[in-house]
Amino acid sequence: MSYIDGFLIPVPRDKRAEYEEQARKAAPIFMELGATRIVETWSDDIKHGTTTDFYRAVKAEDGEDVVFSWIEYPDKATRDTANEKMMSDPRFEEMGEMPFDGKRMIFGGFSPILDTAKD
């Protein structure tokens, strides 16, 4: 079964076009490094909770929306190799500064336990 890198990112609303442009530039590089699918989503219908929520998870500030995205790899080994190569790939540096506060980005690797598209 595949392996997923998941991301939750606070992005200023006025930097949405810049974020989308960087995502479009980065996607082919991730694919070249072994990704099989990349999904970027912009918050549309998320609620403010009383205990926790997507906004609190990334300490979103006024004027920021939340991006939920994931990169799918065929397996963890491919993901690990891709992440190693990504760190030294000059194409990522050439894209310039990220249009969000990377310190508040949440990310991690996940092993699927159910995938109705593949089961």
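Helices (H or I, at least four residues) and strands (E, at least two) are DSSP runs, numbered from the N terminus. This is a predicted model, in which local features need pLDDT of at least 70 and side-chain atom pairs count only at pLDDT 80 or more, while totals for chains, interfaces and linings use all residues. Residues are numbered from 1 along each chain as its sequence is written, and side-chain values use heavy atoms, with hydrogens and water left out.

**Exercise 1. The chain as a whole**

Task: State how many helices and strands the chain has, and in what pattern they follow. Then compare the radius of gyration with that of a compact globule.

Solution:
- Step 1. The chain holds 4 helices and 4 strands.
- Step 2. Along the sequence they run β-α-β-α-β-α-α-β.
- Step 3. The radius of gyration is taken over C-alpha atoms, and the globule rule is 2.2 Å times the number of residues to the power 0.38. For 119 residues, a compact globule would have a value near 14 Å; the chain has 15 Å, which agrees.
- Step 4. Along the principal axes, the C-alpha atoms fill a box of roughly 40 × 40 × 20 Å.
- Step 5. Buried means under 20% relative accessible area, exposed over 50%, and partly exposed in between (1.4 Å probe, protein chains only). Of the 119 residues, 36% count as buried.
- Step 6. Contact means heavy atoms within 4.5 Å. Among contacts in the chain with a separation of 6 or more, 84% join residues 24 or more positions apart.

**Exercise 2. An aromatic pair**

Task: Classify the ring pair Phe54 and Phe68, and say which elements hold the two residues.

Solution:
- Step 1. A pair of aromatic rings is described by the distance of the centres and the angle of the planes.
- Step 2. Rings of Phe, Tyr and Trp (its six-membered ring) pair if their centres lie within 6.5 Å; planes under 30 degrees apart count as stacked, over 60 as edge-to-face and the rest as tilted.
- Step 3. The whole structure has 6 aromatic pairs. In the pair of Phe54 and Phe68, the centres are 6.4 Å apart and the planes stand at 55°, so the pair is tilted.
- Step 4. Phe54 sits in helix 2 (residues 54-57) and Phe68 in strand 3 (residues 64-73), so the pair ties together parts 14 residues apart in sequence.
- Step 5. Phe54 is partly exposed at 39% relative accessible area. Phe68 is partly exposed too, at 40%.
- Step 6. Elsewhere, ring pairs link Tyr19, Trp42 and Phe100 into a cluster.

**Exercise 3. Two pockets**

Task: Describe the volume and lining of the largest pocket and of the second largest pocket.

Solution:
- Step 1. On a 1 Å grid over the protein atoms alone, a pocket is an open set of points where a 1.4 Å probe fits, with protein on both sides within 12 Å along at least five of seven lines; lining residues have an atom within 4 Å of a point. A volume is the space filled by probe spheres set on the points.
- Step 2. The largest pocket has about 810 Å³ of space. It is lined by 29 residues, and Phe30, Met86, Phe92, Met98 and Met105 are the closest to its centre.
- Step 3. Helix 1 gives the most to this lining, with 6 residues.
- Step 4. Ala, Val, Leu, Ile, Met, Phe, Trp, Tyr, Cys and Pro count as nonpolar, Asp, Glu, Lys and Arg as charged, and the others, Gly among them, as polar. The largest pocket's lining has 19 nonpolar, 5 polar and 5 charged residues.
- Step 5. The second largest pocket has a volume of about 200 Å³. Its lining includes Phe68, Trp70 and Phe110.
- Step 6. Strand 1, strand 3 and strand 4 each supply at least two residues of that second lining. By class, the second lining has 9 nonpolar, 2 polar and no charged residues.

**Exercise 4. Gly109 and Arg79**

Task: Place Gly109 and Arg79 in their elements, and list their contacts beyond four places in sequence.

Solution:
- Step 1. Gly109 is in strand 4. Arg79 is in helix 3.
- Step 2. Gly109 is partly exposed at 34% relative accessibility, whereas Arg79 is buried at 13%.
- Step 3. Gly109 touches Tyr3, Ile4, Asp5 and Arg79. Arg79 is in contact with Tyr3, Asp5, Tyr73, Gly108 and Gly109.
- Step 4. Gly109 and Ile4 are 105 residues apart in sequence, but 5.6 Å apart in space, C-alpha to C-alpha.
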